[in-house]
Amino acid sequence: VNDPTFSGKILGDGVAVLPKECQIFAPADGEITTAFATGHAVAMTADFGAEVLIHIGIDTVQLKGDGFDMKVQEGQKVKKGDLLLTVDLEKVKAAGYDIITPMLICNTGDYASVEAVAGKQVAAGDDVLSVEEK
């Protein structure tokens with residue numbers, strides 16, 4: 001990821017995907033903790049305790065919500081595969097932003113390991129991270 005905050009794992013370890021679809025889905029069962037007003041990111045706490053941040057694109061907060069549509073709200077319970085938000089990927093790219101989408105475990109230190117399932121195409125509902133308890 002071409003951003004020091006993400007590549008330096010400052011916010012936690014995780015994985016980054018290049019979305020081909022305009023929909024972002026819940027990676028696990030849990031509760032939405034932050035539904036950013038700009039629609040560019042969403043945070044949740046998985047039922048097993050992982051604090052998950054999904055950030056669509058790099059510096060996309062600068063779009064001030066243009067091209068994003070949040071489908072969840074803070075405090076909402078979600079199941080793995082539920083729709084969290086939609087994004088107009090072409091609009092984001094046309095505005096000059098990278099669409100790479102990091103998904104991080106912000107409380108990485110609480111786990112023995114956080115490993116990406118990398119190097120393959122994934123579909124909604126596929127696991128992209130392996131999180132092992134201590």
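**Group meeting: two sheets, two cores and a pocket**

Okay, let's start with one residue, Ile32. If you ignore its neighbours within four places in sequence, Ile32 is in contact with Val42, Ala43, Met44, Val72, Gln73, Glu74, Gly75, Gln76, Val78 and Leu84. Before I go on, a reminder that this is a predicted model.

So where does that residue belong? Ile32 is among the residues with the most contacts inside the largest nonpolar core, together with Val42, Ile54 and Leu84. That core has 30 residues. Who contributes? At least two residues each come from β3, β4, β5, β6, β8, α2 (89–94), β9 and β10 (111–116). As a general point, nonpolar side chains in soluble globular proteins tend to be buried together. There's another core lying apart from the largest one, with 7 residues, and Leu53, Ile58, Ile100 and Leu104 are among them.

Right, on to the sheets. One is an open sheet of 6 strands, and going across you read β1-β9-β5-β4-β3-β7, with antiparallel pairing. The edges are β1 (13–17) and β7 (77–78), and each has a single partner strand, so one side of each has no neighbour in the sheet.

Let me walk through the β3, β4, β5 part. Strand β3, residues 30–35, runs antiparallel to β4 and is joined to β4 by 5 bridges. If you want a landmark there, look for Ala35, which sits opposite Val42 in β4. The two strands make a hairpin with 5 residues between them, and in the turn Gly39 has a positive phi of about 75°.

Next door, β4 and β5 are also antiparallel, paired over 5 bridges. Here the landmark is Ala43, opposite Leu53 in β5. That's a hairpin too, with 4 residues between the strands, and Gly49 has a positive phi near 105°.

Is β4 enclosed or open? Of the 6 residues in β4 (residues 41–46), 5 are buried, so the strand is largely enclosed by the rest of the structure.

Carry on across the sheet and you get to β5 (residues 51–55) against β9 (residues 101–105), antiparallel, with 3 bridges joining them. Ile54, which we met in the largest core, has Met103 in β9 as its bridge partner.

Now the other sheet. This one is open as well, with 3 strands in the order β2-β8-β6 and antiparallel pairing. At the edges you have β2 (23–25) and β6 (68–70), each with a single partner strand, so one side of each is left without a neighbour in the sheet. On average, neighbouring strands in this sheet are turned by 20° against each other, direction ignored. If you zoom in on β2 and β8 (residues 83–87), they run antiparallel and 3 bridges join them. Gln23 has Thr86 as its bridge partner in β8.

Last stop, the pocket. The largest pocket has a volume of about 930 Å³. It's lined by 38 residues, and the closest to the centre are Val17, Val122, Ala123, Asp126 and Val128. Which strands supply at least two residues of the lining each? Those are β1, β2, β5, β9 and β11 (129–133). Of these, β9 gives the most, with 4 residues. So keep an eye on β9 when you turn the model around: β9 pairs with β5, supplies at least two residues of the largest core and lines the largest pocket.

That's my tour, thanks.

Terms used. Residues numbered from 1 in each chain as written. Predicted model: local features only at pLDDT ≥ 70, side-chain atom pairs only at ≥ 80, totals over all residues. Heavy atoms only, no water. Pairing = 2+ DSSP bridges. Axes fitted to C-alpha atoms, helices over the stretch in contact; angles between N-to-C directions. Buried < 20%, exposed > 50% of the residue type's maximum accessible area, 1.4 Å probe, protein only. Core = buried A, V, L, I, M, F, W, Y, C linked by side-chain atoms within 4.5 Å. Contact = heavy atoms within 4.5 Å. 1 Å grid on protein atoms, 1.4 Å probe; cavity = no way out; pocket = protein on both sides within 12 Å on 5 of 7 lines; lining within 4 Å. Points joined across faces, edges and corners; volume = space filled by probe spheres on them.
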